[in-house]
Each structure stands twice: as C-alpha cells, then as structure tokens.
Amino acid sequence: MDTEQIKWWQRAVVYQIYPRSFQDTNDDGIGDIQGIIAHLDYLKQLGVDVLWLNPIYQSPNNDNGYDISDYQKIASDFGSMADFDALLAAAHQRGLKLIMDLVVNHTSDEHPWFKASRQDKLTPYRNFYFWRAGNGDSAPNNWDAAFGGSAWQYDEQTNEYYLHTFSTKQPDLNWENPEMRQAIYRMMTWWLNKGVDGFRMDVINQISKRPGLPDGPLKPHSQFGDSQVTNGPRVHEFLKEMHQQVLAQFEVMTVGETHGVTPADVLKYAGKDRQELDMVFEFQHLRLDNSQHGFGKWSTRKAPLVALKRVINEWQVGLHDQAWNSLFWNNHDTPRAVSRFGDDRPAYRVCSAKMLATCLHLLQGTPYIYQGEELGMTDAHFTELASYRDIETLNAYQDLVNDRQLLTKADMMARLAASSRDNSRTPMQWNQQLNAGFSSVTPWIAVNPNYHEINVAAALADPDSVWYHYQRLIALRHQEPIVTLGDFELLLPTDTAVFMYRRCWQDQTWLVVCNFTAQRVQRPIMAELKDSSELLLSNYADDLADKLRPYEAKVYRC
C-alpha cells in the first residue's frame with residue numbers, strides 16, 4: 001500500500017461517545033446531544049477525526065438503547081432530531097465526521113414491526129421476526145440468550161415463541177425476509193442522506209442464523225464463534241447486498257462488531273475487494289482473561305502478556321495488506337483499559353495508561369478511543385449490587401448467586417467489579433465540581449469517586465497528563481505515514497513482561513517498547529537500534545537505554 005491508496009478512515013482516529021454518560025445539559029441526570037455539542041471543541045483539540053455515537057434512537061432502554069423502538073426518531077432523553085441535525089452540522093463545521101450505531105440484528109419488542117407481528121399470524125410483519133411453535137412443552141430449540149435463560153420467549157397471544165438472542169425485549173429480525181431487508185436499507189439510506197458518515201454495526205455477524213434453527217452442540221453465547229447464530233451461511237450475501245444497495249452510494253466508513261471471528265474470517269467480511277465492511281471489531285484479545293472455570297467473562301484474571309502478543313500479532317500479520325484492523329482496548333461493553341490491562345493504582349495509573357496508549361496507537365489499523373480513556377479513567381469498583389444498572393450484570397448475579405448458587409456474593413461482587421459493562425458507563429469526569437461536572441443532579445449511574453483527581457480540567461492543566469500523551473500519539477499518526485503504512489514485526493514473543501515490536505516503511509524503522517509490569521526489567525533494546533536512533537516518545541522524562549522502569553513505554557525512530 002502507498003499513500004495514494006489510503007482511505008480517509010485508515011488515517012483517522014475514532015472517539016466513541018456513550019451519550020447517556022457524556023454530558024447532561026437539561027438537569028435530568030442523563031447525558032444528551034446538546035452535551036456533545038458543548039464539547040466538540042474539546043474533541044477537536046484532542047485531535048480525533050471521527051465521533052461514534054452509541055444509540056440515541058427512541059428506545060424503552062431495556063438494554064441502554066440497543067433495543068430500538070423507532071430507528072428514525074431520537075430518544076427524548078437525548079433531545080430531538082433538531083438537536084441531532086445541529087450536532088451533525090457543528091461536527092462537520094469542525095472537520096469531524098460522525099458515525100451512528102446501527103442495530104439491525106434485533107429491535108425492541110415495542111417497535112411497530114414487532115407489535116404488528118405479535119397481533120396476527122397473517123400480517124406480513126410476522127415474518128420480520130422468528131416465530132415458531134414450541135417443541136411440545138419446551139422452546140423450539142436449546143439456544144441460550146446472551147443475557148441468560150432461553151433464547152425463546154413464549155407469547156400467549158398467538159401460542160408461539162419468538163427468538164431473542166439477547167434480552168426478551170430484543171426480538172431478532174429475520175434477515176431471510178427480503179421485505180425486512182429492504183425496510184432496513186431504506187432506513188440506512190435515510191440517515192446517510194442526512195449526512196452521517198457511516199455506521200458501527202452491532203453484532204452484525206449474527207444476522208444469518210443456521211437454516212432450520214437446529215439445536216446446537218454449543219449454545220449460542222456460551223462460546224461465541226462455534227454457535228448457531230454467528231457467521232451464518234448467508235451473512236456475506238446479506239452484507240454484499242447492503243453494500244451494493246446502500247453503502248456504495250456514499251463515501252462512508254463501516255465497522256462491524258463480530259464476535260467469534262478469526263483473521264481468515266475477517267478477510268471475508270472486510271477484505272480489500274469484498275465490498276462488505278471496511279473493518280471489524282474482533283474480541284480475541286478481550287477473551288484472554290475469561291474465567292478458566294466456566295464463568296465466561298465473569299473473572300478477575302489478568303490477560304497473560306504472551307497470549308495477548310500472540311493474538312495481536314496474528315491480527316497484524318494476518319490482515320496486513322489484505323484487510324484493515326480496528327484497534328481498541330475498551331468500549332461501552334468492557335471494563336476500563338487501565339484497570340484491565342494496566343494498573344489503576346495511583347502510583348502507576350498515569351504511566352500504565354500512557355504505555356497502553358503507546359502500544360495500541362502505533363499498531364497498524366484505526367484506533368478507537370473510548371470516552372475518558374484519554375484521561376486514564378478507571379473502573380468504578382462498585383461494592384454494592386444496587387450501584388449497577390446493566391441488565392447483563394444484574395441477570396448474571398441472579399443466575400450465579402441466587403438461582404444456581406455457584407458463587408458467593410463476595411466472589412461475584414469481585415467479578416462484577418472487574419468485568420461489568422457498567423465500569424465503562426460511569427459519567428465522564430469533566431472537573432472537580434458536583435458530579436464531576438457531568439450533571440447538577442444525581443446521575444443515572446454513580447460517578448466514580450476518583451473524579452477529584454481524574455478529570456478533564458486537571459488533565460488540560462498538566463502538560464504531562466495522559467491526555468497530552470494521547471494528543472501526541474494522534475498527531476504522530478497524522479504526520480507520519482509509517483504509522484498507517486508500515487509493516488509490523490513482533491519481537492521477544494515469549495517475553496512475559498515486555499511487548500516490543502518494529503514498524504518498517506520505505507527507509508524508516510520504528511521500535512516500540514512497552515513494559516507491561518510494575519517491575520524494573522532490562523532488555524536488549526540498544527542492540528535493536530542504529531547509531532542514529534532518535535527517541536520520539538516516552539512516558540518518562542529520561543531514557544535509561546536497556547533498563548525499563550514500571551510501565552515504561554518508549555518509541556525510537558531508527
């Protein structure tokens with residue numbers, strides 16, 4: 001690849017906004033669109049190129065907006081369509097692009113399509129969803145839902161079950177139905193005609209189910225990948241059709257959330273000439289700390305560095321010059337990066353947050369920054385179940401502690417503190433004022449108590465803050481083609497403490513060295529460098545050559 005072949009989204013850095021927790025401007029404890037508008041200059045100053053908004057559509061909020069009841073209305077919690085139009089215009093005026101969350105594997109059970117399908121077996125909308133007769137007194141098959149229980153909900157009105165691979169209030173759409181697909185494509189075109197710059201597509205590799213919906217050897221969400229609902233037989237046909245009929249008509253970017261994919265799979269979803277998606281989110285690196293005793297994501301383990309490097313290497317090498325990587329440590333569904341992969345203790349939080357940023361942003365791909373990550377925001381460390389709001393978290397506690405009694409309350413609370421999605425959903429920490437400057441009233445979820453030390457105002461006042469380190473990394477990506485175009489080579493693959501890699505392009509070589517531990521270590525760094533090497537970036541004030549201090553990161557140009 002050369003500079004002329006680069007797409008705009010390959011040079012870009014994306015900033016993910018969780019609107020409910022970003023900024024409240026109307027004193028209801030919930031973030032809103034006007035709150036995003038108020039901070040566009042802040043985001044422009046950081047240097048990002050694209051804003052990704054989590055869902056702001058009309059929704060009963062069973063799953064915080066991922067249960068949509070009207071794709072073409074804005075939820076009143078967030079404002080109005082006029083507010084959205086103002087946001088889009090204000091972002092574009094600043095040279096910022098905006099992509100929406102597209103949730104088309106399922107709707108809310110309060111969507112007019114589903115309401116109509118529930119009323120009458122003969123309505124055309126019945127086939128917009130999966131309705132099936134029971135298997136005797138049991139559900140149509142043995143599939144489990146992601147949030148616990150059966151993936152089938154019995155409905156007395158028509159004496160049949162409907163499929164929901166997530167909450168009972170999130171019935172799955174039937175992509176086998178061409179009329180349903182056309183309705184989705186019309187909706188997407190409506191948003192793109194408005195001027196949005198693309199979509200992040202929620203669980204998009206689940207839109208094609210196994211023919212006949214058979215029992216599975218693995219229930220759908222017990223292990224993503226080898227299931228009956230992921231990477232189905234018609235998924236690429238559907239995505240090609242979507243691309244041809246909608247996406248190809250616009251200059252946009254797309255990223256698909258795809259659990260259970262390998263690099264080989266992604267060459268089908270996002271390969272150069274596939275005409276499906278531009279890139280995908282893969283989750284192999286986020287499963288490395290899963291429980292080893294059958295409790296899935298509910299774990300307090302740390303990801304082993306050797307395994308983490310192996311997975312990143314597989315994706316960097318496997319996609320190079322054939323597809324494009326998305327780069328992320330965290331998002332709205334995961335714990336905070338510095339708590340999960342770094343060290344959020346006060347002595348190490350800043351240096352480990354900078355180290356993680358350095359390691360990720362200098363890989364090949366498009367980096368995604370989750371709101372507050374640029375401050376080094378940490379997990380909430382809630383100690384009471386009443387503090388949690390997330391349906392997945394609350395259902396898991398009910399299942400593992402109350403119903404099956406597999407874990408004690410104390411054990412489960414420790415697992416929730418490490419793994420709950422609510423860790424990333426606490427309000428953005430703007431300043432030291434009431435509720436971190438997020439809202440003048442009690443927020444929908446509690447503010448992290450450490451906002452007095454970790455906040456935007458403090459970060460901008462400190463030239464050595466995590467925030468300025470992110471700004472420098474973003475500037476390097478924009479200024480130096482090697483970050484976008486360079487080859488990747490992993491060094492020291494079996495080293496349990498240090499992540500070291502080389503980027504090469506034309507006559508340039510960069511060496512990136514990251515200590516993932518709180519220990520001082522020594523490695524043959526200088527032996528990898530030439531006499532004319534220049535230290536481009538570091539999270540310490542000086543350079544001790546082969547000696548690495550706790551969570552030290554440094555980047556050399558050779």
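Among contacts in the chain between residues at least 6 apart in sequence, what percentage join residues at least 24 apart? In this predicted model, the share is 69%.

**Figure 1. Overall view of the predicted chain, with its helices and strands.** The chain holds 16 helices and 20 strands. Its radius of gyration is 23 Å, close to the 24 Å that the globule rule gives for 558 residues, so the chain is as compact as a globular protein of that length. Taken along the principal axes, the box filled by the C-alpha atoms is roughly 75 × 50 × 50 Å, and buried residues account for 61% of the 558 residues.

**Figure 2. The largest nonpolar core and a second, separate one.** The largest nonpolar core has 157 residues, of which Tyr-15, Phe-84, Ile-184 and Met-188 touch the most other members. Helix 6, which spans residues 178-194, gives the most to this core, contributing eight residues. A second core, separate from the largest, consists of 12 residues, including Leu-491, Val-498, Leu-511 and Ile-525.

**Figure 3. The surroundings of Ile-204 in the loop between strand 9 and helix 7.** Strand 9 covers residues 198-201 and helix 7 covers residues 235-245, with Ile-204 placed in the loop between them. Ile-204 has a relative accessible area of 0% and is therefore buried, the cut-off being under 20%. When its neighbours within four places in sequence are left aside, Ile-204 is in contact with Val-104, Val-235, Leu-239, Gly-256, Glu-257, Thr-258 and Leu-277. Thr-230 is 26 residues from Ile-204 in sequence, and the C-alpha atoms of these two residues are 8.7 Å apart in space.

**Figure 4. Two loop residues with positive phi, Asp-27 and Asn-159.** Asp-27 lies in the loop between strand 1 (14-17) and helix 2 (33-38), and its phi is near 60°, a positive value in a residue other than glycine. The relative accessibility of Asp-27 is 47%, so this residue counts as partly exposed, a class that lies between the 20% and 50% cut-offs. Asn-159 likewise has a phi near 60°, positive although the residue is not glycine, and is found in the loop between strand 7 (152-155) and strand 8 (160-163).

**Figure 5. The surface of the chain and its charges.** The accessible surface comes to about 20,800 Å², and carbon and sulfur atoms make up 47% of this area. The chain carries 53 positive and 70 negative charges, and the mean positions of these two sets are 3 Å apart.

Note on methods
Residues are numbered from 1 along each chain as its sequence is written. This is a predicted model: local features need pLDDT of at least 70, side-chain atom pairs count only at pLDDT 80 or more; totals for chains, interfaces and linings use all residues. Side-chain values use heavy atoms; hydrogens and water are left out. A nonpolar core is a set of buried Ala, Val, Leu, Ile, Met, Phe, Trp, Tyr and Cys residues joined through side-chain atoms within 4.5 Å. Buried means under 20% relative accessible area, exposed over 50%, partly exposed in between (1.4 Å probe, protein chains only). Helices (H or I, at least four residues) and strands (E, at least two) are DSSP runs, numbered from the N terminus. The radius of gyration is taken over C-alpha atoms; the globule rule is 2.2 Å times the number of residues to the power 0.38. Contact means heavy atoms within 4.5 Å. Accessible areas come from the Shrake-Rupley method with a 1.4 Å probe; for residues, only the protein chains shown count as cover. Lys and Arg count as positive and Asp and Glu as negative; His and the chain ends are not counted. The place of a charge is taken as NZ of Lys, CZ of Arg, CG of Asp or CD of Glu.
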